[in-house]
Amino acid sequence: MIEEAINIPVIQVGGLRSKVLMEKMLASGYADIVSLCRPLIREPDLVVKFRDGVHEAECTSCNRCFDESGIRCNGG
Ligand code: SF4
């Protein structure tokens, strides 16, 4: 695993939608930190939802959140 070859924290970036998967990555040492971007565009309060029992982000990774008018969720 990459963290065995380097001496800095490893951040897992991209495609994470499942709280269970994120927790497994952190607990196993696969990553020290997980990063969220598009899920927070769709659900800015996602971390609070995770805390309160939600297990999956609503973001479908459709990539319709980026256009010339700015960044916002246009999908789902
Ligand atoms: S537009 Fe699609 S990829 Fe972007 S935040 Fe919304 S659901 Fe996620």
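This is a chat about a predicted model of a protein with a ligand.

Reader: What's the mean pLDDT here?

Author: It's a predicted model, and the mean pLDDT of the protein is 93, with 99% of its residues at 70 or more.

Reader: Where is confidence lowest, and where is it highest?

Author: The low end is strand β3, residues 66-67, with a mean of 86. The high end is helix α3, residues 46-51, at 98.

Reader: OK, on to the fold. How many helices and strands?

Author: Three helices and four strands. Going along the sequence, you get β-α-β-α-α-β-β.

Reader: And what does the C-alpha trace span along its principal axes?

Author: About 40 × 30 × 15 Å.

Reader: What percentage of the residues is buried?

Author: Of the 76 residues in the protein, 8% are buried. As for contacts with a separation of 6 or more, 31% of them link residues 24 or more positions apart.

Reader: Switching to the ligand: which residues are closest?

Author: C59, C62, C65, C73 and G75 are the closest, out of 14 residues that surround the ligand.

Reader: How does that shell divide into nonpolar, polar and charged?

Author: Five nonpolar, six polar and three charged.

Reader: Let's look at R38. Buried or exposed?

Author: R38 has 22 C-beta neighbours inside 10 Å, and the cut-off for buried is 20 or more, so R38 counts as buried. R38 sits in helix α2, residues 38-42.

Reader: Which residues is R38 in contact with, leaving aside neighbours within four places in sequence?

Author: C59, S61 and C65. C59 and C65 are also among the residues closest to the ligand. N7, on the other hand, is 31 residues from R38 along the chain, and their C-alpha atoms are 28 Å apart.

Reader: You mentioned S61. What's its phi?

Author: Positive, about 60°, although S61 isn't a glycine. Most residues other than glycine have a negative phi. S61 lies in the loop between α3 and β3.

Reader: Which other residue in that loop has a positive phi without being a glycine?

Author: N63, with a phi of about 65°. N63 is also found in the loop between α3 and β3.

Reader: How do S61 and N63 come out for exposure?

Author: S61 is partly exposed, because it has 13 other C-beta atoms within 10 Å. N63 has 9 within 10 Å, so N63 is exposed. The cut-off for exposed is 12 or fewer.

Definitions and conventions
Residues are numbered from 1 along each chain as its sequence is written. This is a predicted model: local features need pLDDT of at least 70, side-chain atom pairs count only at pLDDT 80 or more; totals for chains, interfaces and linings use all residues. A residue is near a molecule or strand if its C-beta atom, placed from the backbone, lies within 6 Å of it. Ala, Val, Leu, Ile, Met, Phe, Trp, Tyr, Cys and Pro count as nonpolar, Asp, Glu, Lys and Arg as charged, and the others, Gly among them, as polar. pLDDT is the predictor's confidence in each residue, from 0 to 100. Helices (H or I, at least four residues) and strands (E, at least two) are DSSP runs, numbered from the N terminus. Two residues are in contact if their C-beta atoms, placed from the backbone, lie within 7 Å.
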